[in-house]
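Colleague: Hello! I am new to this one, and I would like to learn how to read its features. Could you walk me through them?

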Amino acid sequence: MSKSVRRKYDDDFDDDSRSAKRRRLSTDAAEIEDRLESLIIRVGERSTASLESNLEGLSSVLENDLVKAKNKIQRILVDCASKMPERSSVYSTLVGLLNAKNYNFGGEFAESLVRCLKDSLKICEWDKARNCLRFLSDLVNCHVVSASSLLAVYDNFLDAAMETGVPQVRTDWLVYAVLTCLPWVGRELFEKREADLDRLLATIRTYLDRRSKKHVPALRVWSSDDPHPQEEQLDCLWAQISKLRADSWQEKHILRPYLAFDSILSEALQHKLPDIQAPLHHATNVYPQPKVVFRMFDYTDCPESGPILPGAHSIERYLIEEHIHHILEVHHNDRKECSAQLLNFPHKTKIPLDYMIVEVVFAELFQMPSPRFLEINYGCILIELCKLQPSTIPQVLAQATEILFERIDTMNVSAFQRFVTWFSYHLSNFHFRWSWADWADCLTLDPEHPKPKFVRETFEKSLRLSYHQRVQEMAGQEFAALVPLEPKPRFRYGEEGAASLAGTMVAHQLITAIKERCTPEEAIRLLKEMPNPLKAGDDDAEPTHNPLKIEVFTETLIYVGSKSFSHAFAAIAKFRYVFKVLAETEEAQICVLRSLYEVWKNHPQMMCVLVDKMLKTQIVECSAVANWIFSREMNAVFLKSYVWEILNLTIRKMSQHVHKLTVEAAEARARLHRDSEDSDSDEERRDRPSDEQVERMEERLEQAQSDQKTLFLIIFQRFIMILSEHLVRSDTDGRDFRTHWWKWTFGRLQQIFMQHNEQVHKYSQTLETLLFTQDLDPHVLDAFHQFLALRA
C-alpha cells in the first residue's frame with residue numbers, strides 16, 4: 001500500500017473513530033441525563049425505603065454528578081419546583097441537602113428559580129409564578145434562602161398591590177400569591193422575624209379592607225349563605241391564614257421532610273435573594289379572575305364513625321382542596337389516571353376523602369364565570385370514581401345530589417344548567433335509576449319553580465341520551481306530567497283541515513318534486529306563482545320577502561328531511577341556494593326560523609342542531625337568531641333551556657368567526673412585514689400576501705367585529721327592554737317583581753355576561769355609553785357592574 005493511500009486510509013479511520021467516539025459520548029451524556037431526570041422526578045413516590053433515606057441517597061448521587069451535569073440538574077429541579085407543587089417540600093429538602101454540601105450550587109439554583117419566577121410574571125403564567133414563589137419560601141425552612149430577603153420580596157409584591165390605577169385582579173393576585181406561601185413558611189417567620197411578619201399581615205389586612213367586592217354576587221353559586229357562607233376566595237384564605245396565626249402557625253397537612261435533616265441544614269450558609277419586583281401592568285395582561293369558594297358539605301354531613309371534615313376556615317381545608325384542584329388540572333384529560341390519583345391522595349385515612357373530592361369536583365363544575373375544563377370531563381371523572389370506589393363514592397354523590405336539589409331555589413342559572421347537564425349524563429351511565437319519589441313534593445309547586453323545572457329539564461336532556469319511552473319508564477306515572485312530548489315533527493300542511501291553508505297544494509307538489517330529486521331552480525319555479533300576503537294591492541311596492549313562500553318551502557323541506565340529522569343536513573345543503581334567494585333580509589331569515597320551529601317545536605335538540613347548521617351555511621345571520629329568540633312568538637318557550645342553548649351557540653359561532661379572522665389577519669400582517677426579505681426562500685416569497693390582500697382581510701375582520709358588536713347590542717337591548725317592562729308592570733300592579741320569570745330572565749342575562757365575558761368585555765365601553773346608562777333601573781344595571789368588576 002502506498003504512503004498516500006495509507007495516509008488517506010488512516011485519516012478516514014481516525015475520522016470514523018472520532019465520529020464514533022462523539023456519538024458514544026453523546027449517547028452516554030443523554031443516558032446520564034435521562035437517569036438523573038428519572039431519579040429526581042421519582043423521588044417522593046412510594047417505595048420500600050423511607051423518604052428521608054431516598055433523599056439522602058439522591059443528594060449524594062447528585063453531588064457526584066454536579067461537575068458534569070450541574071446545569072441539567074438545576075433545570076430539572078427548577079421544572080419540578082414550578083410544575084409539581086404537591087412535592088415542593090420534597091424538592092426543597094433535596095436542594096437544602098445539596099446546598100449544605102455545595103454552597104455555590106445552592107446559590108446558582110436560587111438564581112435560576114428567581115429567573116423562572118420573573119419570566120413567569122412577564123408572560124402572565126400566574127400559577128407557575130406562584131409555585132416558584134412558594135418554593136423560594138420553602139427554601140427558607142431548608143436554610144437555603146435568608147428570611148429577611150424573602151420578606152423583602154413579599155414587601156415588593158405588597159407595595160405593587162397598593163398601586164392605584166391598575167386592575168384589582170392584578171393586585172388581588174399579588175396579595176394571594178403572598179398569602180398562599182404563608183402555610184409553608186409562616187412558622188419559620190414567626191420564630192425568626194415575628195415583628196416583620198406582623199407588619200406584613202397588617203398591610204394585607206389594610207388592602208383587604210379597602211378592596212371592592214362588587215363582583216362577588218355574580219360569582220356565587222348560591223345567593224344564600226344558609227347553611228354555608230359563600231365566601232370570596234381572598235377573604236376565605238385570609239380567614240384561614242388568620243386561624244393558622246391564632247394556632248401559632250401549626251398545621252397538620254404539609255409534609256416537611258427537612259425536619260429530619262435539621263442538624264445538617266442548620267449548619268449551611270444561606271443565600272440572599274436578589275431584588276424581585278412585580279413587572280409593571282400592561283393593558284394586554286390577562287390576570288386570574290376572582291372566585292367564590294364553593295361549599296357544600298360540613299362535618300355534620302360526614303359519617304360520625306369516620307374522620308372529621310376540616311373546618312371551612314382551617315388551613316388544612318385550603319391545602320387539601322388546592323392539592324385536589326392540582327390533580328384535576330394535571331390529569332383531567334385522563335379520567336382513569338385522574339380518578340386513581342384522587343383516590344390515592346396522601347393522608348387519605350385522616351380526612352373524609354370521598355366528600356372532599358366530590359365537593360371540589362362540583363366546585364370546578366360550577367365555577368363562575370366558566371369551568372376550567374369541558375363540563376363532560378367532570379362527569380367522566382365522577383363516573384370513573386364510582387367504578388373505582390363503588391362502596392362509598394356513589395353514596396356520597398347521591399347525598400351531594402340531594403343537597404344540591406334541596407338548595408336549588410337559590411342556585412344561579414348557570415350552575416342550574418350545568419347541574420341539569422351533569423345529572424342527566426350521570427343517570428344515562430347508570431341505567432337512569434333514581435328514587436324520583438323522594439322529590440314528589442316538587443309536583444305541587446309552580447311549574448317554573450326551580451325544583452320541578454330541574455326535573456323537567458333533566459328529563460329533556462335525558463331524552464337526548466336515550467329515547468322517549470325510556471324516559472317515560474324512568475319518570476313513572478307520578479312524574480308523567482314533567483316528561484317532554486314525544487319529539488315528532490309537525491307538518492301542518494299534512495294535517496286534517498290543511499286544505500284551507502294557503503300553500504297546501506304547493507307544499508304537496510314540493511314534496512313530490514323533492515322526492516324525485518328536483519334541482520333548487522325547479523323548487524323555486526314551483527314557488528314562483530305564490531301570492532305575497534304582505535302585498536295588499538297591485539300598486540304597492542314589492543315587499544322585501546314573501547313569508548308564504550318561506551313558510552311553505554322551509555316547513556316542507558325540513559319535514560321531508562325529518563328522518564334523521566343526516567337527512568336534514570343533506571336537504572339543507574342541497575337547497576341552500578333556495579334559502580339564499582328567499583331569505584335575503586333579516587325579516588325573511590326570522591321567518592325561516594319561525595317555520596323551522598313550527599316543524600320541530602317538540603324536539604329541542606333538533607332545533608339546536610338545525611339552527612347551528614343554518615348559521616354555518618349562512619342561511620341565517622346571528623342577529624336574526626337573536627331577534628327571533630326575543631320575538632313575541634317565542635314567549636311560550638322563552639324560559640326553556642334549549643332557547644338559551646341556541647342563543648349561546650349563536651354567540652359562540654360569531655366569536656369563533658371573529659377569532660378566526662383575527663388570527664388570519666395577524667398572520668398575514670406578520671408575513672407581509674418580515675424584516676429580511678432577502679433571507680426568504682422563493683416559496684416563502686410566493687406565499688407572502690400582497691398589501692391589497694392584507695387590506696381585504698382587515699376589512700373582513702372589521703366587518704365581523706362590527707357584526708359581533710351589533711349582536712351584543714341587540715341581545716342586551718332586548719334584555720333591558722323586557723326586564724324594565726316587567727319592573728314597571730310590577731310597580732304598577734303593586735306586586736313583588738322577584739317572580740320566577742324575573743329570576744330566570746335576569747339569570748340568563750348574567751349567564752350571557754359570564755359565559756362570554758372575554759368577548760363582551762371588548763365592547764364594554766360601547767355598552768356603557770349606549771345601553772347600561774345611569775338612568776337604568778339599578779336592578780338591571782347591577783348585572784353590568786358585576787360583570788365589569790370581574791376585570792376591574
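## Reading the model step by step

Modeller: Gladly! Let us start with one residue: Leu39 is partly exposed, its relative accessible area being 35%. Please keep in mind throughout that this is a predicted model.

Colleague: In which helix is Leu39 found, and which residues does Leu39 touch beyond its sequence neighbours?

Modeller: Leu39 is part of helix H1, which covers residues 3-42. Leaving aside residues up to four places away in sequence, Leu39 touches Leu58 and Val61. For a sense of scale, Leu39 and Leu189 are 150 residues apart in sequence, and their C-alpha atoms are 32 Å apart in space.

Colleague: Now the overall picture, please. How many helices and strands does the protein have?

Modeller: There are 35 helices and zero strands. The C-alpha atoms fill a box of roughly 100 × 90 × 55 Å along the principal axes. Of the 792 residues, 51% count as buried. Among contacts with a separation of 6 or more, 74% are between residues 24 or more positions apart.

Colleague: How should I read the cysteines? How many disulfides does the structure hold?

Modeller: The general idea is that a disulfide is a covalent bond between the sulfur atoms of two cysteines. This structure holds zero disulfides.

Colleague: Why is there no bond between Cys116 and Cys132?

Modeller: The cut-off for a disulfide is a pair of sulfur atoms within 2.5 Å. The closest cysteine sulfur to that of Cys116 belongs to Cys132 and is 3.5 Å away, so the two are too far apart for a bond. Cys116 itself is buried, at a relative accessible area of 11%. Cys380 is in no disulfide either: the nearest cysteine sulfur, in Cys338, is 11 Å away. Cys380 is partly exposed, with a relative accessible area of 22%.

Colleague: What about the backbone? I have heard of cis bonds and positive phi values.

Modeller: Most residues other than glycine have a negative phi, and most peptide bonds are trans, so departures from this pattern are worth a look. The peptide bond from Asp226 to Pro227 is cis, with omega near 10 degrees. Pro227 sits in the loop between helix H10 (216-219) and helix H11 (233-246). The bond from Met368 to Pro369 is also cis, with omega near 5 degrees, and Pro369 is in the loop between helix H15 (353-365) and helix H16 (375-388).

Colleague: And where is Cys124, with its positive phi?

Modeller: Cys124 is in the loop between helix H4 (103-122) and helix H5 (126-141). Its phi is about 65 degrees, although Cys124 is not a glycine. At 21% relative accessibility, Cys124 counts as partly exposed. Ser248, again not a glycine, has a positive phi of about 60 degrees. Ser248 lies in the loop between H11 and helix H12 (262-265) and is partly exposed, at 32%.

Colleague: Let us turn to aromatic rings. Is the pair of Phe630 and Phe719 stacked or edge-to-face?

Modeller: To judge a pair, look at the angle between the ring planes: under 30 degrees counts as stacked, over 60 as edge-to-face. There are 48 aromatic pairs in the structure. For Phe630 and Phe719, the ring centres are 5.2 Å apart and the planes are at 80 degrees, so this pair is edge-to-face. Phe630 is in the loop between H28 and helix H29 (641-672) and Phe719 is in helix H31, so the pair ties together parts 89 residues apart in sequence. Both residues are buried.

By contrast, Phe772 and Phe784 are stacked, with 4.5 Å from centre to centre and 5 degrees between the planes. Phe772 is buried at 1% relative accessible area, and Phe784 is buried at 0%.

Colleague: Last, the empty spaces. What lines the second largest pocket?

Modeller: The second largest pocket holds about 580 Å³ of space. It is lined by 25 residues, and the closest to its centre are Ser631, Asn635, Phe638, Ile722 and Trp741. H31 gives the most to this lining, with six residues. By type, the lining divides into 10 nonpolar, four polar and 11 charged residues.

Colleague: How many cavities of 30 Å³ or more are there?

Modeller: There are three. The largest cavity has a volume of about 40 Å³, and among the residues lining it are Leu121, Trp126 and Arg170. That lining has six nonpolar residues, no polar ones and one charged.

Terms used:
Residues numbered from 1 in each chain as written. Predicted model: local features only at pLDDT ≥ 70, side-chain atom pairs only at ≥ 80, totals over all residues. Heavy atoms only, no water. Helix = DSSP H or I, 4+ residues; strand = E, 2+ residues; numbered from the N terminus. Buried < 20%, exposed > 50% of the residue type's maximum accessible area, 1.4 Å probe, protein only. Contact = heavy atoms within 4.5 Å. 1 Å grid on protein atoms, 1.4 Å probe; cavity = no way out; pocket = protein on both sides within 12 Å on 5 of 7 lines; lining within 4 Å. Points joined across faces, edges and corners; volume = space filled by probe spheres on them. Nonpolar A, V, L, I, M, F, W, Y, C, P; charged D, E, K, R; others polar. Phe/Tyr/Trp six-rings, centres within 6.5 Å; stacked < 30°, edge-to-face > 60°.
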